[in-house]
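Student: I've got a model open and would like to work through it with you. Can we take it piece by piece?

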Amino acid sequence: RNFGSTVNSDAFEKIARSLPLRLLAKHKHQLHQAEALLFGQAGLLENEFQESYPLLLQKEYRFYKKKYQLKPVSLPLYFLRMRPSNFPTIRLAQLSMLIHHSSHLFSLIKEASGLPEVIKLLDVKANDYWHYHYRLDEPSAYREKNLGEQTIHSIIINTVVPILFAFGHYHQDEALKEKALNWLQHAKAEKNNITRGFQLVGIKNDTAFDSQALLQLKNLYCMHRRCLECAVGNKLLRPQKEPIP
């Protein structure tokens, strides 16, 4: 879901749910097979292709679709108003590479002592074909399709930390919960229109811990005009001389 970003998150979740984990684990050692399963379930292998790599993926998917009785997802993937590096094709290719390289990924994340280790685990790039493409069968100028620092931090903030905290909470492991919160306090803050709006009125946004709190305030209070129930809203509405803490 996180790999799909806001625009394609629902479709990416549905793609993930359509493929049993055991199936991905069985085929992850052959990158083109993992990629074929993900692209096929996304409905991206239905065209008539000219290049050999898309034809290979299509052939692989048709075989496994019949063998495992797979049904492609019904949700469309969106490309419009999006940077090419964020195209769902690139994100699926990067996700395929992460699956290909990963072994007991969540266990490694749990055992990681700090954010640099987690960043290294997530630092992947798509296979060579995608360095020359943004879409299947459409060549483009060479550019490496690595996941990128900003995307890695987004995955840590929105996926790794919440799941690690939830796992610690479920198993009553306070050390894991503290680790998750500590990582959030050391991760870079998200920068967007919402956080910049808060900064304009003097609210700090130094770490991901701050930016997540500001996004939550925006979604649960600002969007519903609950200013009087919010400490920030109360402070802004009152006449004041001192800066907002």
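**Helix α9 and its surroundings**

Tutor: Happy to, and let's begin with a kink: α9 bends by about 40° at Ile 156. Keep in mind that this is a predicted model.

Student: How far does α9 reach from its first C-alpha to its last, and what would be expected?

Tutor: The helix covers residues 149–170, which makes 22 residues. At 1.5 Å a residue the expected span is 32 Å, and the model comes close to that with 30 Å.

Student: Is Ile 156, where the bend sits, listed among the buried residues of α9, and which elements cover those buried residues?

Tutor: Ile 156 is in the buried set, along with others including Ile 155, Ile 157, Val 160 and Leu 164. The bend of about 40° is at that buried Ile 156. The cover over the buried residues includes α5 (88–101), α6 (105–111), α7 (115–122), α10 (174–186) and α12 (208–220).

Student: Glu 149 lies in α9 too. Is Glu 149 buried, partly exposed or exposed?

Tutor: Its relative accessible area is 48%. Exposed would need over 50% and buried under 20%, so Glu 149 is partly exposed.

Student: And which residue just after α9 takes a positive phi?

Tutor: Look just past the end of the helix, where phi is about 55°. The residue there is Gln 172.

**The core**

Student: Which residues touch the most other members of the largest nonpolar core?

Tutor: That core has 58 residues. In general, nonpolar side chains tend to be buried together in soluble globular proteins. The ones touching the most other members here are Leu 92, Trp 130 and Trp 183.

Student: What does Leu 92 touch, leaving out residues up to four places away in sequence?

Tutor: Some of its partners are aromatic and others aliphatic, so it's worth clicking through them one by one. The set is Phe 12, Ile 15, Leu 38, Phe 39, Ala 42, Leu 44 and Leu 77.

Student: How many residues are in the other core that lies apart from the largest one?

Tutor: Among its members are Phe 198, Leu 214, Cys 230 and Val 232. The full count for that core is five residues.

**Aromatic rings and charges**

Student: How are the rings of Tyr 64 and Tyr 68 arranged?

Tutor: Both tyrosines lie in helix α4 (residues 52–68), four residues apart, or about one turn of the helix. Their ring centres are 5.8 Å apart, with 10° between the planes. Planes under 30 degrees apart count as stacked, so this pair is stacked.

Student: Which of those two tyrosines is buried and which is partly exposed?

Tutor: Relative accessibility is 8% for Tyr 64 and 22% for Tyr 68. The cut-off for buried is under 20%, so Tyr 64 is buried and Tyr 68 is partly exposed.

Student: What about Tyr 129 and Trp 130: stacked or edge-to-face?

Tutor: Tyr 129 is buried at 12% relative accessible area, and Trp 130 is buried at 0%. Both also belong to one aromatic cluster with Phe 39 and Tyr 53. Their centres lie 5.2 Å apart with 90° between the planes, and that makes the pair edge-to-face.

Student: Which ring does the charged end of Arg 135 sit over?

Tutor: The charged end is 3.9 Å from the centre of that ring. For another arginine placed over a ring, see Arg 226, which lies over the face of Tyr 221 at 4.3 Å from the ring centre. For Arg 135, the ring is that of Phe 79.

**Loops**

Student: Where is Pro 76, and what does it contact beyond its neighbours within four places in sequence?

Tutor: Pro 76 is in the loop between α4 and α5, and is partly exposed at 43% relative accessible area. Ala 42 is 34 residues away in sequence, yet the C-alpha atoms are 7.9 Å apart. The contacts you asked about are with Asn 8 and Ala 11.

Student: Arg 225 has a positive phi. Is Arg 225 buried or exposed?

Tutor: Its phi is near 55°, and it lies in the loop between α12 and α13 (231–237). With a relative accessible area of 76%, over the 50% cut-off, Arg 225 is exposed.

Key. Residues numbered from 1 in each chain as written. Predicted model: local features only at pLDDT ≥ 70, side-chain atom pairs only at ≥ 80, totals over all residues. Heavy atoms only, no water. Core = buried A, V, L, I, M, F, W, Y, C linked by side-chain atoms within 4.5 Å. Buried < 20%, exposed > 50% of the residue type's maximum accessible area, 1.4 Å probe, protein only. Contact = heavy atoms within 4.5 Å. Helix = DSSP H or I, 4+ residues; strand = E, 2+ residues; numbered from the N terminus. Expected span 1.5 Å × (residues − 1). Bend = angle between axes of the 7 residues up to and from the residue. Phe/Tyr/Trp six-rings, centres within 6.5 Å; stacked < 30°, edge-to-face > 60°. Lys NZ or Arg CZ within 6 Å of the ring centre and 35° of its normal.
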